[in-house]
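Thanks for coming, everyone. I'll take you through one protein today, piece by piece. Please have a look at it first.

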Amino acid sequence: MALTSIGEETYSARHPLLQKNRFGDGCRSSSEEEATSKAVFRVIGMTCAACAGPVEEAIKRLQGIHKAVIDVLNNQAQVCFNPSLVNVEKICETIEDAGFDASLISTGEDLSKVDLKIVGECVDESIKTLLEALPGFQSVEFHRGTDKIISVLYKHDVTGPRNFIRVFGQTNLTATIFSVGEEGRESQRQGEIQKYYNSFIWSLVCTVPVFLTAMVFMYIPWISQLLMFKVINMLNTGEIIRCVLATPVQFLIGWRFYYGSYKALRRGSANMDVLIALGTNAAYFYSLYSVLRAATSPDFKGEDFFETSSMLITFILLGKYLEVMAKGKTSDAISKLMKLSPDTAILLSLDNEGKVTGEEEIDGRLIQKNDVIKILPGVKSMMTGEAKLVAKRKGDAVIGGTLNANGVLHVKVTKVGSESALAQIVRLVEAAQLAKAPVQKLADRISRFFVPLVISFSLLTWLLWFFAGKLHWYSESWIPASMDSFELALQFGISVMVVACPCALGLATPTAVMVGTGVGASQGVLIKGGQALERAHMVNCIVFDKTGTLTMGKPVVVKTKLLKNMRMGEFYELVAATEVNSEHPLAKAIVNHAKNFRDDEENPAWPQAHDFLSITGNGVKAIVKGREIMVGNKNLMSQHGVNIPEDAEEMLSEAEQMAQTGILVSVNRELTGVLAVSDPLKPSARAAISILKSMNIVSIMVTGDNWGTANSIAREVGIDSVMAEAKPKQKAEKAAGHVVGMVGDGINDAPALVAADVGMAIGAGTDIAIEAADIVLMKSNLEDVITAIDLSRKTFSRIRLNYVWALGYNLIGIPIAAGVLFPWTHLRLPPWFAGAAMAASSVSVVCSSLLLKNYKRPKELDNLEICEVLVER
């Protein structure tokens, strides 16, 4: 929830300046007039990129689809579409046709949606009638099930969930908030974990006796005699026991692999389930053939491999169980962010004069827009992650999920639910975790052809060993005593089929990206997806904007010199009337300073400005009270023929030497005054630049300010390369030949943020800058630039390590399973062991990514001295 007495800066923007959207959460259509909606679907049954690819392709083939992104780790699909051409029902149907179960999680309408659980006897029509009587109610959807759950759409400016619950309370019904979203996702994840655990336990119960009768009890004489007892012809009791116990493992517990294979083959692709089903079927049905031949023949001698199929399924289920548990931990960041929302709130009742008449504690989910909430003291700030105090005055914005350090605050709620800053941050992190890194395309391409190639290689392996045995190309002493040449060849073929693992490849990038972006969010660095993460690790040049980036962004007027006979109040009235139309930080500083010369300091009414014109990079001009007012730099004055006297030049030079910005004011083309504006440097600026130099990263400062001020600030922070008096477009042209990271905070920085290889926006900056950037520095600290680059380097190193492990495992494991080393070592990889190794490879890749959760920012930042800077307004 957003709690503020004025209005809170949101993390989305709509501005013609932006030609492309990097925000991830939004969807842009090819035409501005073309309607675009977004929906998120739950997709059950995906295990790796081999599953996700066909789903994504099937959705994209639909008419009206703008974008489809599949999240294998969270089993979700995010789709942007034109609702006039395709609907959510059709998309759900397409996903199901691709072989997976699908259900709708949310749509763009969820901004004003609440789910309620109704207790009491009633009919749907009576509930609808009750709600329709409320102003702001839009529609209601009834969910079928054991509990009566309804979803209510409403106008949040008019009403809210507390009003709905109050209306039901006036009848014999009781309504409570029903939580879905993250809780539902966690419940589904826990259900999946429990399902794999139960399957593994039952499989283990059946497999252990199969293993013991085949591998252990044969060496215990009296038990061996019992197991070798002939029941029918050559069929013994051991074979019967193994067949009876292996059958439920193969067909009941292993049914999921048959089902997954059927769905994969039906959509014309092949996945891990196909390999497992083929491998276990080969072992099981050959064993079944051996049992039937033994029962019908008085002299047949053969071996069964029931332990191979059952142990293979058991080990794979264990691997899946561990993998699902590990994958759940990769998204802990979102769960932690969701928990920052307050559980309860103290609602104040006010009279017509705004005086408090009462208070009550309510559920935090029942807070509505325009409520006044009482905030008691706390200690920590969500947005900074540190116990660092941020002073708040009347009218300042505060954010839900942050805590008040001292005193008691009364705040007015301006944004609730998914409009709040916290909810938008959660959506940004979710969108970032959906976005694929370019390096993942390699895994996607490999996964597409991996399974067919493995099946072909497995068949080739079996044929080569089979014909080598028939043609006596190797000594019979190579064949184990319990096998013949056919069975040896079959074991090699099965081992190749089950040892190969496309899942490890498919998990290498998304798990690391998910953990990396989650860790970044906890550090106050929001990285918008895998593409930004991949580019950031290559950055070797950082271009800094000056105002609000290297400086505090809170400039103040420190000196005023009038060159004409004019009262200071009249002078500032004319200047403020002109500058109040500008969004530039220096303009705001001048307007704030001008308030000191007015009696109505809190909310002054400035004269009307006509023909206002903003000259980018130079200043502004307008007509105020019939006089032409120009406020800006020397270029502006020169272009309009305004003479600059010597004393004004001296003051400008003096201001530049003190790293201040000199501003000239002319009235009717005559220079009337000179202002000196100071914007203090951020305390960590110099140290941050020094650390970047130690990382072999070049720092450049680009500013629209004059050369004198720019050079003074650059010297103070240790930057050697400066570009001053730059227009917004020129900011994007600096540092050619480098992989550039641009750090900025203002609207004029947006083109450079978009044009840079990696755009980094200061979190306290404008919505436009945040929208345009690839990375958002939520704490507005320059040291987070270092954290972002270092984290991206560590994450990408982890991705490389994951690929080395996944590819190396397959490149080494498959030849060994095929028996390449067998002629020299007589060591072979039994199918059950190959299956265990395959399961372990996926788990190891996920666990490797989870090690990123131990990320610590560079030690140099821990020693960075942060001092307080007091800025008087």
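How many aromatic pairs does the structure hold? The answer is 21. Keep in mind that this is a predicted model.

Let me pick out one of those pairs. Phe251 and Tyr284 meet edge-to-face. Their ring centres are 5.1 Å apart, and the planes stand at 90°. The two residues are 33 apart in the chain, so to speak of distant parts is fair. Phe251 belongs to helix 7, residues 237-253. Tyr284 belongs to helix 9, residues 272-296.

Buried or exposed, where does Tyr284 fall? Tyr284 is buried, because its relative accessible area is 4%, and the cut-off for buried is under 20%. Phe251 comes out at 31%, so it counts as partly exposed. Both rings also belong to one aromatic cluster. The cluster is made of Phe251, Trp255, Tyr258, Tyr284, Phe285 and Phe306.

One more ring, elsewhere in the chain. Arg598 lies over the face of Trp606. The distance to the ring centre is 4.9 Å.

Now the overall picture. The protein has 873 residues, and 54% of them are buried. It contains 30 helices and 29 strands. Take the contacts between residues at least 6 apart in sequence: 71% of them join residues at least 24 apart. The exposed surface is about 39600 Å², with carbon and sulfur atoms supplying 56%.

On to a sheet. In what order do its strands run? The order is 17-29-28-27-18-25-26. That makes 7 strands in an open sheet with mixed pairing. Strand 17, residues 525-527, sits at one edge, and strand 26, residues 721-723, is the other edge strand. Each of these two pairs on one side only. From one strand to the next, the twist averages 20°.

Look at the strand 17 edge. Strand 17 pairs with strand 29, residues 775-777, in the antiparallel sense. There are 3 bridges between them. Ile527 stands opposite Ile775 of strand 29. As a reminder, strands of a sheet pair through backbone hydrogen bonds.

What lies across strand 17? Helix 27 does, residues 783-817. Helix 27 also lies across strand 18, strand 27, strand 28 and strand 29. Its angle to strand 17 is about 45°.

Next, a mostly covered helix. Helix 19 spans residues 585-594, and 7 of its 10 residues are buried. Those are Leu586, Ala587, Ala589, Ile590, Val591, His593 and Ala594. What covers them? The cover includes helix 18, at 568-579, and strand 19, at 556-562. It also includes strand 22, strand 23 and strand 24.

Last topic: backbone angles. Most residues other than glycine have a negative phi. His472 has a positive phi of about 60°. You will find His472 in the loop between helix 13, residues 440-470, and helix 14, residues 485-499. His472 counts as exposed because its relative accessibility is 56%, and exposed means over 50%.

Asn696 also has a positive phi, near 60°. Where is Asn696 placed? Asn696 is in the loop between helix 22, residues 685-694, and strand 25, residues 698-702. With 66% relative accessibility, Asn696 counts as exposed.

That's my tour. Over to you for discussion.

Technical notes. Residues numbered from 1 in each chain as written. Predicted model: local features only at pLDDT ≥ 70, side-chain atom pairs only at ≥ 80, totals over all residues. Heavy atoms only, no water. Pairing = 2+ DSSP bridges. Helix = DSSP H or I, 4+ residues; strand = E, 2+ residues; numbered from the N terminus. Axes fitted to C-alpha atoms, helices over the stretch in contact; angles between N-to-C directions. Contact = heavy atoms within 4.5 Å. Buried < 20%, exposed > 50% of the residue type's maximum accessible area, 1.4 Å probe, protein only. Phe/Tyr/Trp six-rings, centres within 6.5 Å; stacked < 30°, edge-to-face > 60°. Lys NZ or Arg CZ within 6 Å of the ring centre and 35° of its normal. Areas by Shrake-Rupley, 256 points an atom, 1.4 Å probe, with all protein chains shown as cover.
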